[in-house]
Every structure is written in structure tokens, then in C-alpha cells.
Amino acid sequence: MTNRKTAEELRSHRWYGANDLRSFGHRSRTAQMGYNREEYAGKPVIAILNTWSEINPCHTHFRQRVEEVKRGIWQAGGFPIELPVQTLSEPFQKPTTMLYRNFLAMEAEEMLRSYPADGVVLMGGCDKTTPALLMGAISMDLPAIFLPAGPMLRGNWNGVTLGSGSDSWRYWAELRAGTLTPEDWQGVEGSIARSPGHCMTMGTASTMTSAAEALGFTLPGFASIPAADSRHAQMAAKTGMRIVEMVWEDLKPSDLLTAASVDNAVTTCVALSGSTNSVVHVIALARRAGIALTLDRFDQIARRTPVLANIRPTGAYLMEDFFYAGGLRGLLAELGELIDGSQKTVNGRTLGENLAGAQIFNDDVIRRRTNPLLRDSSLAVLRGNLAPDGAVIKPGAAEPHLLVHTGRAVVFSDYNDMAARIDDDALDIDESCVLVLQHAGPVGAGMPEWGQLPIPRKLLQKGVRDMVRISDARMSGTSYGACVLHVAPEAFVGGPLALVRSGDLIELDVPRRRLNLLISDEEFARRKAAWVKPAARFERGYGALHQAHVMQADQGCDFDFLQRGGVSPESSGEPEIH
């Protein structure tokens with residue numbers, strides 16, 4: 001490649017290469033850590049942002065993978081520095097990892113800005129880690145490559161294949177309905193997650209790592225490899241090797257991200273029938289690059305894109321099956337002209353070149369375009385007087401008869417209200433009702449995955465397994481049901497959702513993309529005038545920062561001050577000597 005950088009043009013040269021007192025301090029402290037000058041002088045310094053921790057089961061193998069990344073960096077003539085960053089552990093962190101996505105994005109950007117990094121390997125996979133790391137790297141705009149954690153292996157219980165998340169919700173409903181014994185429930189608990197890696201259903205993790213690959217941020221085929229597969233370790237080393245060359249080539253996120261590459265990511269998400277969470281995440285990272293992705297663009301692309309991945313919760317299989325069937329390369333190749341193959345990727349080739357020769361080995365797992373799982377619209381964007389700025393639903397995960405429905409609202413003012421009353425036999429509800437949860441949006445609660453509201457126990461016992469549910473929350477990508485999500489503006493800031501009362505009629509019409517509260521304009525105005533702003537949830541710390549600056553779901557839930565100004569400026573001044 002022409003115009004390769006020289007050693008003197010490396011960003012890290014300002015720390016290590018100058019003949020001054022500051023650089024003396026940097027070199028002497030590097031010697032203190034046991035390195036000779038020959039090991040780093042004139043070489044690209046590669047930051048490795050590692051989200052490993054002992055509370056993140058999805059990333060337990062990152063302790064080993066980081067060594068393989070370092071091996072590749074050393075072999076390619078780079079100097080690796082591992083920088084631990086915040087772990088966002090989806091199963092453990094309360095109230096929600098979404099509250100901290102922007103925290104990690106800020107940390108990633110600031111770590112890269114303030115240390116002598118020439119390029120970066122981003123190690124993530126568990127839901128919010130992928131968008132957070134990419135958001136920070138996009139804003140910093142140093143050469144960056146993403147290492148996806150990979151899905152865990154299939155679960156298995158008494159000969160039944162289990163999928164994380166999806167089967168948790170399903171068997172929990174059966175336990176509450178009295179059709180599953182506590183002993184069986186314990187069996188599911190001990191069998192559903194049996195290896196390192198993130199959820200092996202098409203949850204947010206696999207959706208977002210696949211989106212990262214479609215955007216060009218990973219080596220081709222990496223996002224589909226199970227975490228426990230030896231090929232995952234091999235790709236980690238290759239990732240380390242490749243980032244060194246990317247530094248010399250000065251291949252940056254701004255060279256990869258275009259409106260067309262973002263469309264590729266959206267097309268990938270909907271062709272996978274991926275997580276609805278991808279909407280807020282892809283919007284956020286696109287806008288970090290100055291690309292004004294909207295909800296309407298998601299809906300436009302979903303209307304033209306068939307669902308080819310037969311993976312739970314919409315389909316039948318799991319990510320391990322998807323990998324063996326040809327993986328993401330096979331699916332993208334089958335999408336043909338719906339993918340813009342001219343877009344650049346981190347390996348220096350175009351996406352189309354990376355897809356050359358890709359095959360499908362099981363066309364029930366990865367469907368042909370002539371036999372899709374769904375013809376189109378794996379995601380739908382709804383608007384109406386209840387969601388003037390939009391809401392989303394995953395039609396393929398709902399019972400079809402609920403996609404056009406009018407029902408009486410049963411309203412819960414917040415999560416605690418819902419938890420206290422949902423299984424009360426005195427709750428005035430039947431299967432035609434519409435469950436409504438308020439105050440679960442970005443400002444009101446950090447936007448947790450509460451959108452798959454539980455079916456009341458007395459209806460479960462009657463055999464009901466789906467109802468229309470509406471909230472300003474998100475739901476897990478492993479969830480399913482007729483769940484209307486991300487209602488914007490949210491209730492906490494006075495959006496129309498705050499004005500719904502139990503007994504109101506709500507109209508849902510997915511084919512016509514409508515969501516309306518059936519009350520008069522006069523009644524709407526009267527309720528709006530009587531609305532009282534809730535008290536702030538946080539008075540200090542990061543929570544206070546979050547609620548003051550987080551944007552609404554249709555804008556990606558980024559902080560308003562992080563979408564301004566483009567690339568992060570370099571630090572002024574020099575590091576201190578101690």
C-alpha cells in the first residue's frame with residue numbers, strides 16, 4: 001500500500017521518540033516494566049481494550065484471548081499494551097447495562113486519547129460492549145479492529161436443545177403456569193449455559209457482532225465462530241497481526257464508515273431477525289461518524305429485506321448451527337445486491353471481496369432468498385399519537401393474530417408497580433387487554449430490558465402465551481412476543497405514554513405501522529396539562545450525568561454532548577513525570 005507511515009509519524013513517537021525530559025520519563029518507566037527500548041522503539045503501540053472481568057461470563061475466555069492477540073501483535077512487529085476497561089455484564093449489572101453503555105464509550109475514547117496508542121484492538125461481545133467500544137473508537141478515529149467474543153455452545157437438558165434467554169423466558173412462564181416442576185426448572189438452570197461466550201440465540205450480542213462485521217470492523221467470518229472453537233483463538237492472533245498493518249496503512253474508522261456501510265449493517269440486522277436493541281446501537285454509532293441514521297431508514301430497509309437466518313427466537317436453530325451452515329459470510333453472500341460489496345473493511349479488501357466463495361452448507365439454517373423464513377419486515381417502526389417519535393416491534397416474534405389489535409389498557413406506573421400486581425388474581429385483565437409499562441425509558445430508568453412484560457399468571461394458567469405489551473423500555477434480543485418497545489418520547493419526560501390510563505383503548509396495526517391511543521384530542525390536551533414532571537432519580541455521580549444528557553431512543557440514547565464536534569481532539573499538554 002502506498003503512503004505508508006514512517007516511524008516518526010506514529011502517534012506514539014511523541015511519547016517515546018523525542019529527545020527530551022518527558023520522553024526520558026516514558027522510556028525509563030517502560031524499562032521499569034521490564035521492556036528494552038528495542039522492543040518498542042519505532043514500532044506501532046497497539047492498545048488492547050479488554051472488557052474481561054470475573055463478573056462477565058460471556059468474556060471468561062478473554063483472559064486467554066488477549067494473550068493470543070498480543071502474540072499476533074508481537075509477530076507483526078508491534079508493541080501491545082493491554083488496557084482493562086469497564087465490563088458490562090448483561091446477566092449481572094443493575095439496573096441495566098444500557099445505563100453504562102455511554103460510560104464505556106467515553107472510557108474507550110479517553111483511554112485512546114490520553115495514552116500513546118497508534119491503533120486499537122477492541123475486545124467485546126456481551127451486548128453493550130460492542131456498540132460502546134465502537135462508539136469510542138469512531139470518535140477517536142485511530143486505526144481500530146474489533147474482536148468479537150463469539151457465541152457459547154448449545155445448551156442441552158434431558159435431550160432438549162436450549163437457547164440462552166429465549167428458553168429462560170419460555171420455561172419461566174411454564175413454571176409460573178404450573179406445567180414445569182421446580183426440579184425441572186433447576187435442570188434447565190444448570191444446563192442452559194455451558195461454555196464461555198455470549199448468548200447463542202440471535203440476541204443483541206450476535207446481532208451487534210454481526211453488524212460490526214458487516215460494517216467492516218472484524219476479520220471476515222469472525223463474528224460467527226463459537227467462543228470455544230479453536231478457530232476463535234486463531235482469529236484472535238490474526239486480529240493482532242492485522243492491526244499493526246492497519247496502523248502503517250493509517251486505515252481508520254472514518255475510512256470504513258459511510259452511509260452505504262451503515263445500510264449494510266442495518267440490512268444484516270434485519271436479515272438475521274436480530275435484536276431490536278440494534279436500532280438504538282446502530283443509530284448511536286452511525287451518528288458518531290456524522291451519518292444521520294433514522295428509524296425510518298430501518299423500516300425502509302426491513303421492508304425490502306428477507307429474513308434468512310432461521311435462528312431463535314424467531315427461528316429454530318442456534319449460533320453454533322449458523323456457523324456450521326456457512327456463518328455470516330454465507331448469509332451476506334446470499335443477500336446479493338442488497339449488500340453493497342464495494343465498502344472497505346479492516347483487512348484492506350472490500351466486503352464483496354471478503355464474501356467471494358462463501359457457501360451455505362445447510363439451507364434450512366441459512367435460508368435461500370427463494371425460501372426465506374420471513375419475506376420481509378423482521379422489524380417494524382410504528383408511529384401515531386402514542387409514539388410521535390416512533391416505536392419498534394419485532395413482528396416475526398409475535399403471535400400473528402396480535403399484529404392488528406385493539407384492546408383495553410392495563411397500566412403499570414413503573415416496574416415495581418408491575419411486579420407487585422401482575423400475578424394478583426384481582427387484576428382486572430383478560431387476554432385481549434394491552435399491558436402498558438411507563439417510566440422505563442432512557443431518562444426514567446436507564447432503559448432496561450423490561451419490555452417483555454410477563455403474562456399474568458392467571459392468564460398463563462388459561463394457556464395464554466402472548467399479549468400486546470407496550471413500553472418505553474427495551475427487551476432482550478433473546479425475548480419474543482407482541483412487544484412494542486422504545487416508545488418515544490418516553491413517559492418520564494412527558495411523552496404521550498405518560499398519559500395512558502387503565503381502561504383506555506389502544507390500537508396497534510403493524511401492517512399500517514400505527515400505534516394510537518383512542519381518546520379525543522381534547523382529553524389528550526387535558527391530561528397533558530395536568531401532567532407533573534417526576535422527581536429526578538439521581539442526585540449525584542454518573543447517574544445524574546446520564547439523566548441530564550441522554551437522548552431519546554429514536555436518537556440512539558447517546559449523550560447529547562458526544563454527538564457534537566466529530567473526532568475527539570488530542571490532549572493538550574504533556575504527561576507528568578513522577
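**Close-ups of a predicted model**

**View 1. One salt bridge spans the interface of domain 1 and domain 2.** A salt bridge here means a side-chain nitrogen of Lys or Arg within 4 Å of a carboxyl oxygen of Asp or Glu. The partners are D167 and R312, whose side chains meet at 2.7 Å, N to O. On the side of domain 1 that touches domain 2, the residues split into five nonpolar, one polar and one charged. In that tally, Ala, Val, Leu, Ile, Met, Phe, Trp, Tyr, Cys and Pro count as nonpolar, Asp, Glu, Lys and Arg as charged, and the others, Gly among them, as polar.

A word on the model: this one is predicted, so local features need pLDDT of at least 70 and side-chain atom pairs count only at pLDDT 80 or more, while totals for chains, interfaces and linings use all residues. Residues are numbered from 1 along each chain as its sequence is written, and side-chain values use heavy atoms, with hydrogens and water left out.

**View 2. Domain 1 and domain 2 meet through seven residues of the former and six of the latter.** Contact means heavy atoms within 4.5 Å. Domain 1 covers 43-153 + 195-355, domain 2 covers 161-190, and domain 3 takes 380-530; these bounds come from an automatic or database domain assignment. The centres of domain 1 and domain 2, taken over C-alpha atoms, sit 31 Å apart. About 470 Å² is buried between the two, with carbon and sulfur atoms giving 51% of that area. Buried area is the accessible area (1.4 Å probe) that two parts lose on being put together, summed over both.

**View 3. The K94 to P95 peptide bond is cis.** Its omega is near 0°. P95 is found in the loop between β2 (79-84) and α5 (98-114). Helices (H or I, at least four residues) and strands (E, at least two) are DSSP runs, numbered from the N terminus.

**View 4. Another cis peptide bond runs from A488 to P489.** Here omega is near -5°. Look for P489 in the loop between β12 (483-484) and β13 (505-509).

**View 5. D141 has a positive phi without being a glycine.** The angle is about 60°. D141 lies in the loop between α6 (129-140) and β4 (144-148). For background, most residues other than glycine have a negative phi, and most peptide bonds are trans.
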